[in-house]
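Q: I'd like to learn how to read a model like this one. Can you walk me through it, general idea before the particular case?

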Amino acid sequence: MKRKSTNNFLLALTAFIWGSAFVAQSVGMDYLGPFTFNSIRCLMGGIVLIPVLLLFKRNGRKKSQEQVAEVAGAGIGSRKDLIVGGICCGLALAAGSSLQQIGLVYTTAGKAGFITALYIVIVPVMGILLGKRVGLKVWIGVVLAATGMYFLCITEGFSIAKGDFFVFLCAAAFSVHILVIDSFAPKVDGVALSCIQFFVCGILCAVPMLVSEQPQISQIMEAWVPLAYAGVLSCGVAYTLQVVAQKNTDPAVASLILSLESVFSVLAGWVILGERLSGRELFGCALVFTAVILAQFPEKAR
């Protein structure tokens, strides 16, 4: 029971870090372009995970991973799976994080957090293409989420704001990212996979950064606080906490706790940035959060 409570606390802490990171990302836009911010934060996240990998190796985690890979028939191919998986995850992460950063230029951190949380509903819908069954509760969640998106994003002139549209595309990209991780994570070490994806994402974002944004060292130094929070805490620390906490936690319960990320993003935007949501937008947030919660409940066993 004590271990369960500890794991739940670590997952809630992970959700808090991810949710509050929307504020850091929003503040970072005052100093840096979206590609510059993403490139630096991801490279920082990858660097932070290197000593974590070394620590796991020292504690015998690497030996345990090799034994699991051998039993699964991965053998020598496990290294190939790790590299291919890391590249695929990095591509999806680069697309999702870049779209999210661009969206944050035009929308609030709170709204971005809630719209991004739609990946929890989008993922099972995408799973249909992979031959996975989707229950009635998921379709109810899709309807609730779509209704919530209407109240949250659609203006009186029946047009969706530019920032909200970019963040919605980011939610779709993160859905692909989750499905790619679901495919490769059972075959390789999760922390190593994350480390590779961060470096791939950082390098990919560096190309448009150098071409279109050309940041100055002085600008990077001015944004070091949001960069450090988003890079070290959101990418490095939070992911490691998730890996440790989910080891002995039911996936449905873990996803439910992590979905609080969207709530923390709104609260952080309200407390730190002074952002305000109208009654219409709050109602939309409530519907989206209800859809997120509903998507986590397991189906009844037949």
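A: Sure. Let's start with what a helix is here: a DSSP run of H or I at least four residues long, numbered from the N terminus. With that in hand, R41 is found in helix α2. Bear in mind that this is a predicted model.

Q: How many helices and strands are there in the protein?

A: There are 14 helices and zero strands. Read along the sequence, the pattern is α-α-α-α-α-α-α-α-α-α-α-α-α-α.

Q: What does UniProt say about the "transmembrane region" feature?

A: An annotation like this may be inferred rather than shown by experiment. The UniProt record, an unreviewed entry, places the feature at several stretches, including residues 34-56, 165-184 and 253-273. In the model, residues 34-56 are 100% helix and 0% strand, with end C-alpha atoms 33 Å apart. Residues 165-184 are also 100% helix and 0% strand, and there the end C-alpha atoms are 29 Å apart.

Q: Back to α2, then. Is R41 buried or exposed?

A: The cut-off for buried is under 20% relative accessible area. R41 has 7%, so R41 is buried. Its side chain makes a polar contact with the side chain of S234, at 3.4 Å. Leaving aside neighbours within four places in sequence, R41 is in contact with Q25, Q101, L227, A230, G231, S234 and C235.

Q: And what about N38: where does it sit, and which residues is it in contact with?

A: N38 is in helix α2 too, which covers residues 34-58. Its relative accessibility is 0%, so N38 counts as buried. A polar atom of the N38 side chain lies 2.9 Å from the backbone oxygen of S97. Beyond neighbours within four places in sequence, N38 is in contact with S97, S98, Q101 and C205.

Q: Why do the buried residues of a helix line one face?

A: The general idea first: an α-helix has 3.6 residues a turn, so residues three or four places apart point the same way. Now take helix α13, residues 261-271: its buried residues are E261, S262, S265, V266, A268 and G269. Seen down the axis of α13, they fall within an arc of 165°, so they line one face of the helix.

Q: What percentage of the residues in the protein is buried, and what supplies the exposed area?

A: Buried residues make up 47% of the 302 residues. The protein exposes about 15,300 Å², and carbon and sulfur atoms supply 68% of that. As for contacts between residues at least 6 apart in sequence, 90% join residues at least 24 apart.

Methods: Residues numbered from 1 in each chain as written. Predicted model: local features only at pLDDT ≥ 70, side-chain atom pairs only at ≥ 80, totals over all residues. Heavy atoms only, no water. Helix = DSSP H or I, 4+ residues; strand = E, 2+ residues; numbered from the N terminus. Buried < 20%, exposed > 50% of the residue type's maximum accessible area, 1.4 Å probe, protein only. Contact = heavy atoms within 4.5 Å. Areas by Shrake-Rupley, 256 points an atom, 1.4 Å probe, with all protein chains shown as cover. Arc of directions from axis to C-beta. Polar contact = N/O pair within 3.5 Å; in protein donor to acceptor, adjacent residues only side chain to side chain.
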